[in-house]
Amino acid sequence: MHQHQLRQGALFLLMGEALLAVMGGMIKYLSDTLSTEQIVFFRNAAGLVILAPLVLQQGRKLLHTQVWHWHLMRGLVGVSAMYCYFWALGHMPLTEAFLVKLSSPFFMPLIGLLWLGERAGRYSLLAVAVGFAGVACILRPDDSTFTFIALVALLGAFLAALAKVTIRRMSATESSQTIVFYFGLIAAIVSAPGRH
């Protein structure tokens with residue numbers, strides 16, 4: 001059963017990354033006609049619409065929380081990461097932007113250590129070092145193509161890592177449905193038209 005759960009989890013992760021790649025392609029395509037602000041808002045609004053049946057089904061149970069501050073932090077950090085990533089997608093080649101986004105997990109051991117006091121094993125640290133070397137090869141810091149755009153993409157990856165560690169911080173008391181709902185709500189409010 002344990003092996004089955006591991007395989008299932010790995011499959012879900014692969015499916016999630018594949019869907020994010022598809023979303024990245026759609027964002028790249030839409031960037032020619034829509035602003036980053038519009039794309040971010042419609043993405044978050046669509047997420048809220050999808051969550052509506054879950055809210056109606058679970059009602060107050062879903063809305064109940066005692067950690068408003070963590071939800072607010074995760075929402076603000078997450079939507080900031082989204083702005084960085086979506087903007088970079090509109091200004092960088094799709095493959096490079098997506099690969100820089102995948103550097104997000106490499107920041108997590110450092111954030112986890114400084115914030116949660118969780119130490120990563122030596123193999124995890126080795127994987128992080130190799131990952132950052134890969135990102136350096138992609139960004140080519142000694143090349144003229146290493147620009148402000150690449151730094152924005154890297155900032156987005158760092159903020160995404162911070163948002164994920166915030167989820168880890170909340171997971172002891174909050175359900176995944178509650179975490180997703182409050183992120184969608186906060187992100188939609190922050191990115192709403194007329195707030196820029």
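**An all-helix chain, its cores and its pockets**

With a relative accessibility of 61%, P193 counts as exposed, because that value lies over the 50% mark used for exposed residues. This proline sits in the segment that follows helix 9. Its C-alpha atom is 17 Å from that of L30, although 163 residues separate P193 and L30 along the chain. As with everything described here, these values come from a predicted model.

A step back from this one residue brings the whole chain into view. The chain holds nine helices and zero strands, and a reader moving along the sequence meets the pattern α-α-α-α-α-α-α-α-α. The radius of gyration is 18 Å, close to the 16 Å that the globule rule gives for 196 residues, so the chain is as compact as a globular protein of that length. Taken along the principal axes, the C-alpha atoms fill a box of roughly 55 × 45 × 30 Å. Of the 196 residues, 34% count as buried. The contacts also tell something about the fold: among those with a separation of 6 or more, 85% are made by residues 24 or more positions apart.

The inside of the model comes next. The largest nonpolar core is made up of 17 residues, and V40, F86 and M92 are those with the most contacts inside it. At least two residues of this core come from each of helix 2 (36–58), helix 4 (68–91), helix 5 (94–101) and helix 9 (176–190). The element that gives the most is helix 4, with seven residues. F86 is a good place to look in the structure: with its neighbours within four places in sequence set aside, F86 is in contact with M23, I27, S31, T36, I39, V40 and R43. There is also a second, separate core, which has twelve residues, V77, C84, L159 and L162 among them.

Pockets can be followed in the same friendly way. The largest pocket has a volume of about 1600 Å³. It is lined by 44 residues, of which L20, M23, R43, R74 and F183 are the closest to its centre. Two of these, M23 and R43, have already appeared as contacts of F86. Helix 1 (2–30), helix 2, helix 4, helix 6 (104–116), helix 8 (148–170) and helix 9 are the elements that give two or more residues to this lining. The largest share, eleven residues, comes from helix 1. By residue type, the lining divides into 30 nonpolar, nine polar and five charged residues.

The second largest pocket has a volume of about 160 Å³. Its lining consists of P105, M108, P109, G112, L116, E118, R119, A120, V165 and R168. Helix 6 and helix 8 each supply at least two of these lining residues, and the largest share, five residues, comes from helix 6. Here the division is six nonpolar, one polar and three charged residues.

Some helices return from paragraph to paragraph. Helix 4, for instance, gives the most residues to the largest core and is also one of the elements with two or more residues in the lining of the largest pocket. Helix 6 and helix 8 contribute two or more residues to the lining of the largest pocket and at least two each to that of the second largest.

Terms used
Residues numbered from 1 in each chain as written. Predicted model: local features only at pLDDT ≥ 70, side-chain atom pairs only at ≥ 80, totals over all residues. Heavy atoms only, no water. Core = buried A, V, L, I, M, F, W, Y, C linked by side-chain atoms within 4.5 Å. Buried < 20%, exposed > 50% of the residue type's maximum accessible area, 1.4 Å probe, protein only. Helix = DSSP H or I, 4+ residues; strand = E, 2+ residues; numbered from the N terminus. Contact = heavy atoms within 4.5 Å. 1 Å grid on protein atoms, 1.4 Å probe; cavity = no way out; pocket = protein on both sides within 12 Å on 5 of 7 lines; lining within 4 Å. Points joined across faces, edges and corners; volume = space filled by probe spheres on them. Nonpolar A, V, L, I, M, F, W, Y, C, P; charged D, E, K, R; others polar. Rg over C-alpha atoms; globule rule 2.2 N^0.38 Å.
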